[in-house]
Amino acid sequence: MIIVHHLENSRSQRILWMLEELGLPYEIKRYERNKATMLAPPELKKVHPLGKSPVIEDDGQVVAETGAIVEYLVDKADGKLGAPANRADALRYRFWLHYAEGSMMPPLLLKLVLARIPILGKAATKKIQPMIDVHLDYVESELSQRPWFAGAEMTAADIMMSFPLEAARSRGGLNESRPATIAWLAKIHARPAYQAGLKKGGPYAYA
Ligand SMILES: N[C@@H](CCC(=O)N[C@@H](CS)C(=O)NCC(=O)O)C(=O)O
């Protein structure tokens, strides 16, 4: 049985969604953020030295890092939600799988951290917004060309991209001026598996 170490309001919501899409049985161990620092509690370090979420355990194997977990689950499900057969779609699939955490999350996180600095924070976040806009414009142009990130079918690339786009919607300037991206968000949120994961995960501020 897969155990998901799940931190409230966090990236691990993606893993619950994916497990629901795949229909794999799992158990959730919940963790709450420290109210002052917003960091994960120290117990998570007992599961993995980084003490971050998500982390899963499966048959005694500990797997951390969302992208690595997602690939692990694709393997476990015999390729379901994995790379499409078509070469162009497969390349796009790989691109978005890495891009979500590698390129899109860093400026969003920087904005969040800087915004918390009194006085200076406001000016600093203004400098970050144009960096985020480059990503949002790119995502919008791609989603205007095809229904899902890799192509005609929903894949794990869409699951990876959900958190950066939800974070962008809540604090990164994503709004109705980018209609294809807003429509994609509405489409994932309407999926029964997304809703089921949300119900099981508890507090999640971004859906
Ligand atoms: N790139 C990593 C990032 C992991 C990460 O930073 N997780 C956040 C949750 S959104 C966390 O655990 N934050 C609490 C902390 O750093 O103490 C991944 O996608 O797994």
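A polar contact here is a pair of N or O atoms within 3.5 Å. Keep that in mind for the close-ups below, which all come from a predicted model.

**View 1. Glutamate 101 meets the ligand.** Here a polar atom in the side chain of glutamate 101 lies 2.9 Å from a ligand nitrogen. With the protein around it, the ligand has 84% of its accessible area covered, out of the 510 Å² it has on its own.

**View 2. Glutamate 65 and threonine 66 reach the ligand too.** Glutamate 65 brings a side-chain N or O atom to 2.6 Å from a nitrogen atom of the ligand. Threonine 66 has a polar side-chain atom 2.6 Å from a ligand oxygen.

**View 3. Who else is around the ligand?** There are 13 residues around the ligand, and the ones that come nearest are Ala40, Lys52, Ser53, Glu65 and Thr66. Sorted by character, this shell has six charged residues, four nonpolar ones and three polar ones.

**View 4. Zooming out to the pocket.** The ligand sits in the largest pocket, whose volume is about 820 Å³. A total of 31 residues line this pocket, and Leu7, Arg11, Arg33, Lys52 and Ser53 lie nearest its centre. So what is the lining made of, in terms of nonpolar, polar and charged residues? It's 16 nonpolar, seven polar and eight charged.

**View 5. Helices in the pocket wall.** Both α4 (87-115) and α6 (156-171) supply at least two residues each to the lining of the largest pocket. The largest share comes from α4, with five residues.

Note on methods. Residues are numbered from 1 along each chain as its sequence is written. This is a predicted model: local features need pLDDT of at least 70, side-chain atom pairs count only at pLDDT 80 or more; totals for chains, interfaces and linings use all residues. Side-chain values use heavy atoms; hydrogens and water are left out. A residue is near a molecule or strand if one of its heavy atoms lies within 4 Å of it. A polar contact is a pair of N or O atoms within 3.5 Å; within protein, one must be able to donate a hydrogen and the other to accept it, and residues adjacent in sequence count only if both atoms are side-chain atoms. Accessible areas come from the Shrake-Rupley method with a 1.4 Å probe; for residues, only the protein chains shown count as cover. On a 1 Å grid over the protein atoms alone, a cavity is a set of points where a 1.4 Å probe fits but cannot get out, and a pocket is an open set with protein on both sides within 12 Å along at least five of seven lines; lining residues have an atom within 4 Å of a point. A molecule sits in a cavity or pocket if more than half of its atoms lie within 2 Å of its grid points. Ala, Val, Leu, Ile, Met, Phe, Trp, Tyr, Cys and Pro count as nonpolar, Asp, Glu, Lys and Arg as charged, and the others, Gly among them, as polar. Grid points are joined across faces, edges and corners, and a volume is the space filled by probe spheres set on the points. Helices (H or I, at least four residues) and strands (E, at least two) are DSSP runs, numbered from the N terminus.
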